[in-house]
Amino acid sequence: MKKNASVILLLFVFQFTVSVLFAQDEFELVESVPVETIFEQSTLPRAHDVWLKMINDAKKSIDIETFYFANAKDEPLEEIMTAIKNAGDRGVRVTIIVDSSFYANSDKSVDELEGVNNLTVFKIPMGNIAGGVMHAKYFIVDDENVFVGSQNMDWRALKHIHEMGVRIKNKKIAETFKEVFNLDIAHIGRVFSLEINGGLINSANPVSISNTEFGNVILYPAFSPPKITPMNIDHEEDELLKIIGNAKERLFIEMYSYSPKAKNEKKYYDAIDNALREAAGRGVDIRIIFSDWAIREGATDFIKSLSTVSNIQIKLSTIPQYSEGYIPYARVDHSKFFIADNNISWISTSNWEWSYFNNSRNATIIADNEKVNSELSKVFMRSWDSNITNSVDVNKIYEPVKRN
C-alpha cells in the first residue's frame, strides 16, 4: 500500500512539474533570411517556423496587427495563411488589422481570409487617424504569446528579405500589446473597453523572464505614435534617444532606412542624427549598416555626412539577386535593430525617420541581457564582415536601387 502511495505521489509531482514547465515564460530571437546568402549561416529560429507553431498551438484567440498581407502560390506565407484558416475553423477567434491605404493601393491577399469561420478583418485608416500608416507587425496568441518584428505578412519577408523579430511568451507583455490592439480597433469605430491598466509594462515596470536559454531577460515594449498610444506605455522615440544617450562603449545598428528630412516639415528632423553625433563625440564606437534601399533623394547626403564623423562607420548592404530571377520588392535588409554596449538590445518595426515615430503605428521591444546582445552582435557582424556590405563613399554618386 505504501509502495502504491509513493508511486501516486511521484506521478503527482511529475505532472505538477510538467505543468509548471509548460506554464513558464519564454523568449527567443527570430530571424528571416534571404536564401542563397550568408544569412543562412545563422542558427536562430526562423520566422516561418515560429509563426506556424504559434498559430497551430492557438486555442482561444489570434490578434494580428500588420501593415499588409502578400501571399503567393507555393511560397512560405501560403502555409501560414492556411494555418490561420484552420485556426478559425477549429473555433479560434481571429481578429486582423491591416492598413487601409496600403490595401487600397497594393496587394489584397488578405481577402483570401474573408469568410473564414470566426475570423474578422479590419482596415484601419491610420492616415486619417494619425497622418501615417499602420506600420506595426505583431500578433498575439491566446493573450500570452507575442511576436513582434520587422517581418510583414509577406512571402518575401520569409524567404527573400533579411528581418529580425522576437517571440515573447508572457501574459503582462501580451496584455500591453493587447491594450494597443484594442485601442486601434476602437479607432476603426468598434466598441471596446479602453480602461487603462496600471499594471501595463513599461521602462519603469519591465518584466523579467528567467527560464530561457538567455538566462534572466529584462524587457519592455515601446510604441509610436504618442498621440494614439495609451497612457503608461513608453514612446519609441523617447526610449531610442535615451538608449543612445546612455551608450558608453558601442552602438551597432542595422537599419532599413534613415533620413533626418522630416516629412511635411520645413525643418530637419535631427534628434537621432544629433544623438549619434554626441555619442560619437564622447568616444562611443558606432557602426551602422543601412540597406541600399536607403539611397534616395533627401537621405543619401545625410548618410554621407554622418559617415565622416569620427567614431562613426557606415556601410550599405546589397543582397545578391535570386538565382531564379529578379523578385520585385525583395532581396533587401529590412531589419530594424541595434545593440548598445554589451547588454541593451532594440528590436523594432520602425525605420529611423520622423513620420515613423510621429504619424505611424509601430512597436519595439527593448531587452536588457548580455546573451541577447551577443546574439544580435553576431547577426550584425556577419553582415559587417561580409562582401555584401561596403563602406559609404562620400565621393560616389549613388543611384536609387530598383525595387519594383
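A polar contact is a pair of N or O atoms within 3.5 Å, where one atom must be able to donate a hydrogen and the other to accept it. With that in hand, a good place to enter this predicted model is Y258, whose side chain is joined to the side chain of D273 by a polar contact of 2.5 Å. Y258 lies in strand β14, residues 258-259, and counts as buried at 1% relative accessibility. Leaving aside neighbours within four places in sequence, Y258 is in contact with I272, D273, F290, A294, A299, I303, L306, W352 and E353. Not every later part of the chain comes this close: the C-alpha atoms of Y258 and A279, 21 residues apart along the chain, are separated by 17 Å.

The partner of Y258 has a second role. The side chain of D273 also meets that of R277 in a salt bridge, with 2.7 Å from N to O. R277 and D273 both belong to helix α9 (residues 271-281) and sit four residues apart, about one turn of the helix. The two ends of this pair differ in their surroundings: D273 counts as buried at 9% relative accessibility, whereas R277 is partly exposed, with a relative accessible area of 28%.

The count for the model comes to 16 salt bridges. One of them is formed by the side chains of R167 and E28, at 2.6 Å from N to O. R167 lies in strand β9 (residues 161-169) and E28 in strand β1 (residues 26-32), so this pair ties together parts that are 139 residues apart in sequence. R167 counts as buried at 10% relative accessibility, and E28 counts as buried at 16%. Another salt bridge links the side chains of D63 and K178, at 3.2 Å from N to O. Here D63 is in strand β2 (residues 61-66) and K178 in helix α7 (residues 171-187), so the pair ties together parts that are 115 residues apart in sequence. D63 is buried, with a relative accessible area of 0%, and K178 counts as buried at 16% relative accessibility. Salt bridges that share partners join D63, R93, D143 and K178 into one network.

K304 offers a contrast to these charged pairs. This residue, placed in helix α10 (residues 300-307), is buried yet has no salt bridge. The nearest side chain of opposite charge, that of D301, is 4.9 Å away; the pair does not qualify because a salt bridge needs a side-chain nitrogen of Lys or Arg within 4 Å of a carboxyl oxygen of Asp or Glu. A polar atom of the K304 side chain does, however, lie 2.5 Å from the backbone oxygen of K396. Beyond neighbours within four places in sequence, K304 is in contact with V392, D393, V394, K396 and Y398.

Helix packing can be followed in α2 (residues 47-57) and α3 (residues 76-89), whose axes come within 9 Å and cross at roughly 10°. That makes α2 roughly parallel to α3. On the α2 side, H48, W51, L52, I55 and N56 take part; they meet P76, L77, E79, I80, A83, I84 and A87 in α3. N86 is also found in helix α3, and counts as partly exposed at 41% relative accessibility. The C-alpha atoms of N86 and I55 are separated by 9.1 Å, although the two residues are 31 apart along the chain.

A few backbone features deserve a look as well. Most residues other than glycine have a negative phi, and most peptide bonds are trans. Against that background, D74 has a phi near 65°, a positive value in a residue other than glycine. D74 lies in the loop between β3 (69-70) and α3 and is exposed, with a relative accessible area of 61%. R331 likewise has a positive phi, of about 55°, although it is not a glycine. R331 is found in the loop between β16 (312-317) and β17 (332-333), and counts as buried at 2% relative accessibility.

The peptide bond from S224 to P225 is cis, with omega near -10°. P225 lies in the loop between β11 (215-224) and β12 (234-235). Among the contacts of N358 outside its sequence neighbourhood of four places are A130, P225 and K227. N358 itself lies in helix α11 (residues 354-358) and is buried, with a relative accessible area of 18%. A polar atom of the N358 side chain lies 2.9 Å from the backbone oxygen of W354.

Conventions:
Residues are numbered from 1 along each chain as its sequence is written. This is a predicted model: local features need pLDDT of at least 70, side-chain atom pairs count only at pLDDT 80 or more; totals for chains, interfaces and linings use all residues. Side-chain values use heavy atoms; hydrogens and water are left out. Helices (H or I, at least four residues) and strands (E, at least two) are DSSP runs, numbered from the N terminus. Buried means under 20% relative accessible area, exposed over 50%, partly exposed in between (1.4 Å probe, protein chains only). Lys and Arg count as positive and Asp and Glu as negative; His and the chain ends are not counted. Contact means heavy atoms within 4.5 Å. Axes are lines fitted to C-alpha atoms, for helices over the stretch in contact, and angles run from 0 to 180 degrees between N-to-C directions. Angles under 35 degrees count as roughly parallel, over 145 as roughly antiparallel, 65 to 115 as roughly perpendicular and the rest as oblique.
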